[in-house]
Amino acid sequence: MRLDYSGLKDQSKFTLTDFDWADSKQLLNNGGHYKIIWAKESDLVIWVDGYKMNLNRNQIVFCTPLNILKLDKASGIIAALFNREFYCIRDHDEEVSCNGFLFYGSSLPMVLDLDEKEIKSFELMFLMFQEELETIDSVQGEMLRVLLKRLLIKATRLIKMKSPQENLPKPQYDIVRRYHLLVEKYFRNLHSVAAYAELLFKSPKTLSNLFKKLGKESPSQIINERITLEAKRLLLFSDKTAEEIGYELGFKEAAHFSKFFKKQVGLPPLVFKKENNT
């Protein structure tokens, strides 16, 4: 199954697919698509930016246009894919509050576990997507956007309920979200927690204490993970040299980049590239 919507005037695109069609898999490597993939009927092995990720049955993963994906198999899956022209996560953040939460590049893609009640709810939403894609009229695009907005809000609520962030007051939760967004925007140039603390009008200590409450990565780890993720992507999926990548990621000396990468990954950049491209 592959059902597509295309807006001719604004170049917006939305696709619902189970990847049975061979050309559907090409969408996973399309840099312009957000990707929502549900392992509906069985466990799934998915490769995200060259790294293996196990997705259990009835888990949904949310990937940004930056993520390059590959599936080991394509059975028992349902996925919704859309580009920025169809629904811009950043511009509509006040509506769905998912930017920097469901979708961000500073860590592994967000995964949602569904229980029996939630499975029925998401089955209904995906069925409504299918019905709407089979109804071609002048309001089809708007109806699909309404359904997508509902899905994003529902998923954001569920993940918040199941995470430590549920107990954070809204102002603190917003700081966490904004921190992730700022790291995503500036990680190539700003490598210190102090720089982001200044943008948020907070002290580095305040940020560290806030992230400590979550029991997750420290602010500095989030920066380092984002830089490392981009370095890995460029090493594996571009023809740039390690020196060029280091400069692109804000390192003034190639040796500094090499030392940083080895500390984070355990291998020098060129060794990492050789071992993962064979």
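How many residues apart are Arg226 and Glu230 in helix H7, and about how many helical turns separate them? They are 4 residues apart, which puts about one helical turn between them. That pair is a good way into this structure, which is a predicted model. The protein chain has 278 residues, and 48% of them are buried. Its secondary structure consists of 10 helices and 9 strands. The points below start with the whole chain and then visit its charged pairs, two of its strands and two acidic residues.

**The chain as a whole**

- Among contacts in the protein chain with a separation of 6 or more, 67% are between residues 24 or more positions apart.
- The chain has an accessible surface of about 14500 Å², and carbon and sulfur atoms account for 52% of that surface.
- Across the whole structure, a search finds 8 salt bridges.

**The network around Glu230**

- Side chains of opposite charge can pair when their charged atoms come close.
- Arg226 and Glu230 form a salt bridge, with 3.1 Å between the closest N and O atoms.
- Arg226 is buried, with a relative accessibility of 1%.
- Glu230 is buried as well, at a relative accessible area of 8%.
- Glu230 also forms a salt bridge with Arg188, where the closest N and O atoms are 3.3 Å apart.
- Glu230 belongs to helix H7 (residues 219-237), while Arg188 sits in the loop between helix H4 (170-186) and helix H5 (193-199), so this salt bridge ties together parts that are 42 residues apart in sequence.
- Arg188 counts as partly exposed, at 29% relative accessibility.
- Returning to the bridge between Arg226 and Glu230, the wider picture is one network, in which salt bridges with shared partners join Glu184, Arg188, Arg226, Glu230 and Arg233.

**A link between a loop and helix H3**

- Asp10 and Arg145 meet through their side chains in a salt bridge, at 3.5 Å from N to O.
- Asp10 lies in the loop between strand S1 (2-7) and S2, and Arg145 lies in helix H3 (residues 140-161), so the two residues tie together parts that are 135 residues apart in sequence.
- Asp10 is partly exposed, with a relative accessible area of 35%, whereas Arg145 is buried, with a value of 16%.

**Strand S3**

- Why is S3 described as largely enclosed by the rest of the structure? The reason is that 7 of the 7 residues of S3 are buried.
- In a regular strand the side chains alternate between the two faces of the sheet.
- In S3, His33, Lys35, Ile37 and Ala39 point one way, Tyr34, Ile36 and Trp38 point the other way, and all are buried.
- S3 runs antiparallel to strand S8 (residues 77-83), and 7 bridges join the two.
- Within that pairing, Leu81 in S8 is the residue opposite Lys35.
- S3 also pairs with strand S6 (residues 59-63), again in the antiparallel sense, over 4 bridges.
- Between S3 and S6, Trp38 has Ile60 as its bridge partner, and Ile37 stands opposite Val61.

**Strand S6**

- With 5 of its 5 residues buried, S6 is largely enclosed by the rest of the structure.
- Gln59, Val61 and Cys63 point one way from S6, Ile60 and Phe62 point the other way, and all are buried.
- Besides pairing with S3, S6 is joined by 4 bridges to strand S9 (residues 110-113), and the two run antiparallel.
- Phe62 has Met110 as its bridge partner in S9.

**Two buried acidic residues**

- Asp18 sits in the loop between strand S2 (12-17) and strand S3 (33-39).
- Asp18 is buried but has no salt bridge, and the nearest side chain of opposite charge, Arg2, is 9.4 Å away.
- A polar atom of the Asp18 side chain lies 2.8 Å from the backbone nitrogen of Met1.
- Apart from its neighbours within four places in sequence, Asp18 is in contact with Met1, Ala74, Ile77 and Ile78.
- Glu118 is part of helix H2 (residues 116-133) and counts as buried, at 9% relative accessibility.
- Setting aside residues up to four places away in sequence, Glu118 touches Asp113, Leu158 and Lys162.

How values were computed:
Residues numbered from 1 in each chain as written. Predicted model: local features only at pLDDT ≥ 70, side-chain atom pairs only at ≥ 80, totals over all residues. Heavy atoms only, no water. Buried < 20%, exposed > 50% of the residue type's maximum accessible area, 1.4 Å probe, protein only. Lys, Arg positive; Asp, Glu negative; His and termini not counted. Salt bridge = Lys/Arg side-chain N within 4 Å of Asp/Glu carboxyl O. Polar contact = N/O pair within 3.5 Å; in protein donor to acceptor, adjacent residues only side chain to side chain. Contact = heavy atoms within 4.5 Å. Pairing = 2+ DSSP bridges. Areas by Shrake-Rupley, 256 points an atom, 1.4 Å probe, with all protein chains shown as cover.
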